[in-house]
Amino acid sequence: MKEKVLHIKNQTLDYWSNRTNVQKGLIIGCFILFFLIISLVIFFGTRTNYAPLYSDLTAEESGQIKETLDARGIPSELTDNGSTIRVPETQVDSLKVDLAAEGIPESGSIDYTFIEDQMGFGMTDNEFNVMERAAMQTELEGLIQNIEGVNAANVMITLPEESTWVAETNEQASASVVIGTSTNVMDQQEVQALYHLVSKSVPNLSVDNIVIMNDRFEHLDYENQDAAQSTLNAYEEQRSIQEDIEKDLQSQIQQMLGTIMGRDKVIVSVTTDIDFTQENREEALIEPVDEENMEGIEVSAERITETYEGEMAEDGVPGAGEEDVVNYPAGAGFGDGDYERTEERINNEVNRIHREIVESPYKIRDVGIQVMVEPPDPEDPASLDPQIMNDVEQILSTVVTTSIDETYLEDVTQEDIINENIVVSSHSFDGKMDIDPTEQDTIPLWMYIIAGVLAAAVIILLMMLVRRRREEESSEDINMDEIVAEEEIPELQGDEDSEQATRRKQLEKLAQENPEEFSKLLRTWLSDD
């Protein structure tokens with residue numbers, strides 16, 4: 001056994017002496033890292049992690065819970081000035097259930113379960129109303145505390161007394177709420193949600209009868225933003241439409257003139273006046289089918305022609321006699337005569353047009369275009385050809401004419417548009433940035449330096465690895481040579497008839513016929529030596 005230990009020790013020392021300094025450092029570092037990992041695992045595995053059991057507790061509640069935990073032998077710690085109690089993380093869920101079953105912590109508030117426990121024949125209406133109001137306040141406080149950002153809430157509700165008289169007007173309920181928030185500011189949407197929560201939780205409670213303030217006694221007012229929001233939305237929509245129109249016109253003109261004169265030679269500004277009046281109207285029109293003759297289509301026609309020739313009665317005095325017919329001329333005699341009557345009845349059909357017209361929500365009433373052109377010689381504004389200025393004005397007048405609604409172009413000439421809506425001037429652009437045409441996007445110098453350092457580090461590492469590999473191969477060759485040299489055993493010299501030769505033959509025969517006995521014999525000799 002001692003020889004085995006010495007043999008292992010010698011092999012270990014030989015192995016360590018044959019290692020390079022880098023390999024020795026790696027081996028030592030691996031052992032240190034291994035023991036460090038084992039130490040960290042043991043440390044974190046045996047350490048107790050604490051987690052909050054209850055938060056935002058009063059001093060009375062914290063003391064009650066702490067006393068209960070100490071009586072059970074459960075370790076605990078207090079943080080946040082005694083408002084938070086922490087216990088081992090693995091026992092948080094079970095402790096919450098156990099303490100809740102025992103009614104701990106007792107906040108002293110009255111909820112609906114308390115009313116059920118106190119119900120009995122001896123309870124009066126006043127007592128029931130007091131407990132009902134207290135339970136309503138408790139439940140409402142719990143609802144408000146569930147809102148994100150609210151740490152605590154106190155609610156006071158005033159309920160009107162029911163009247164038995166029909167003529168009397170019923171009073172409304174009122175509520176006062178004080179909340180503690182984790183943030184300094186609550187936006188109006190959160191405030192409105194808080195008001196609606198309180199209003200819908202109490203019967204006959206309007207938003208006007210609610211007062212809410214924070215723990216710094218700052219009022220959180222309820223602002224009705226529906227009307228203001230609708231007005232603001234209309235303004236934003238109209239402003240957005242106007243900006244889109246101006247931006248489109250400016251972009252088109254800038255692109256067109258920039259292509260002709262150069263993009264850095266033209267500056268365009270467009271302003272518009274838009275009528276956002278929306279008109280809805282109905283029209284009932286009747287028009288002739290034939291507008292030239294102002295006639296319609298004949299649907300039906302009736303023509304009557306009467307002619308008579310013969311003797312006719314002479315004219316007399318109408319209704320002169322007692323037996324004469326009133327207004328009928330009594331004839332004194334007859335004479336020759338003729339009679340002709342023509343009558344036409346024609347029904348014409350016309351175009352009946354009924355229109356329901358909804359005008360577009362906006363019309364462009366006026367457009368103003370201002371164009372600044374840099375002359376070829378910035379120092380000489382007169383170097384710009386006046387004909388170019390006239391051509392630009394003609395182009396812009398066409399843009400203005402096609403953009404403005406036709407109802408606002410009555411009795412307006414092209415000269416009026418050029419004089420009133422278009423301004424084209426020539427001036428040098430002193431505020432223009434000078435751009436170096438030779439400047440190009442190049443890679444910074446420090447990136448080349450870092451890349452060179454990284455490449456050199458990679459090359460050095462590769463060289464070290466190759467060198468280490470060669471050293472290991474050479475050391476392995478040396479060890480193999482030593483092993484071969486050690487394993488070379490000189491052959492036994494002697495005569496075949498000698499005692500040593502006889503023993504050798506017997507051993508060879510024993511090794512071939514019974515290897516197990518031969519191995520036991522060798523171990524016995526080695527142990528004796």
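The expected span of a helix is 1.5 Å times one less than its number of residues. I wrote that down before opening the model, which is a predicted one.

**Entry 1: helix H9**

I tried the rule on helix H9, residues 386-403. It has 18 residues, so it should span 26 Å, and its end C-alpha atoms are indeed 26 Å apart. Then I looked up which residues of H9 are buried. They are Met389, Val392, Leu396, Ser397, Val399, Val400 and Ser403. These cover an arc of only 160 degrees around the axis, so they sit on the same side of H9.

**Entry 2: the cores**

Next I followed Leu396 out of its helix. Leaving aside residues up to four places away in sequence, leucine 396 touches Ile253, Ile369, Val371, Ile422 and Val424. Which residues touch the most other members of the largest nonpolar core? I found Ile253, Val367, Ile369, Val371, Leu396 and Val424, out of 23 residues in that core. At least two core residues come from each of these: helix H8 (226-261), strand E7 (266-275), strand E12 (363-373), H9 and strand E13 (422-426). There is also a second, separate core, with 22 residues, including Ala175, Leu194, Tyr195 and Val207. My course notes fit here: in soluble globular proteins, nonpolar side chains tend to be buried together.

**Entry 3: serine 199**

Val207 turned up again when I checked serine 199. This serine lies in helix H7, residues 188-201. Is serine 199 buried or exposed? Buried means under 20% relative accessible area. Serine 199 comes out at 10%, so it counts as buried. Not counting residues up to four places away in sequence, serine 199 touches Leu205, Ser206, Val207 and Ile210.

**Entry 4: helix H3**

I went back to the helix rule for H3, residues 59-72. With 14 residues it should span 20 Å, and its end C-alpha atoms are 20 Å apart, so the numbers agree. Its buried residues are Glu61, Ser62, Ile65, Thr68 and Leu69. Down the axis of H3 they fall within an arc of 135 degrees, so they line one face of the helix. Ala59, Glu60, Glu67 and Ala71, on the other side of H3, are exposed. What covers the buried residues? The cover includes E1, E3 and helix H4 (92-101). Just after H3, I noted glycine 73, with a positive phi of about 75 degrees.

**Entry 5: strand E3 and its partners**

E3 was on that list, so I looked it up. Strand E3 is residues 84-88, and four of its five residues are buried, so it is largely enclosed by the rest of the structure. Strand E1 (residues 50-54) pairs with E3 in the antiparallel sense, over four bridges. In that pairing proline 52 stands opposite arginine 86. Strand E2 (residues 77-79) also runs antiparallel to E3, joined by three bridges. There, threonine 79 stands opposite threonine 84. E2 and E3 form a hairpin with four residues between them.

**Entry 6: positive phi values**

I had a reminder on the page: most residues other than glycine have a negative phi. So I went looking for exceptions. Aspartate 80, in the turn of the E2-E3 hairpin, has a positive phi of about 55 degrees. Asparagine 204 has a positive phi too, near 55 degrees. It is found in the loop between H7 and strand E6 (210-214), and it is exposed, with a relative accessible area of 62%. Aspartate 411 has a positive phi of about 60 degrees. That one is in the loop between H9 and helix H10 (414-421). Aspartate 411 counts as exposed, at 79% relative accessibility.

**Entry 7: leucine 521**

I also checked a leucine in helix H13 (residues 515-528), leucine 521. It is partly exposed, with a relative accessible area of 27%. Leaving out residues up to four places away in sequence, leucine 521 touches Leu507 and Leu510. Leucine 507 is 14 residues away along the chain, and the two C-alpha atoms are separated by 9.8 Å.

**Entry 8: the UniProt record**

Last, I opened the UniProt entry, which is unreviewed. Under "transmembrane region" it lists residues 25-45 and 445-466. I looked up residues 445-466 in the model: the span is 100% helix and 0% strand, and its end C-alpha atoms lie 32 Å apart.

How values were computed:
Residues numbered from 1 in each chain as written. Predicted model: local features only at pLDDT ≥ 70, side-chain atom pairs only at ≥ 80, totals over all residues. Heavy atoms only, no water. Buried < 20%, exposed > 50% of the residue type's maximum accessible area, 1.4 Å probe, protein only. Contact = heavy atoms within 4.5 Å. UniProt positions renumbered as here; feature names shortened; annotations may be inferred. Arc of directions from axis to C-beta. Core = buried A, V, L, I, M, F, W, Y, C linked by side-chain atoms within 4.5 Å. Pairing = 2+ DSSP bridges.
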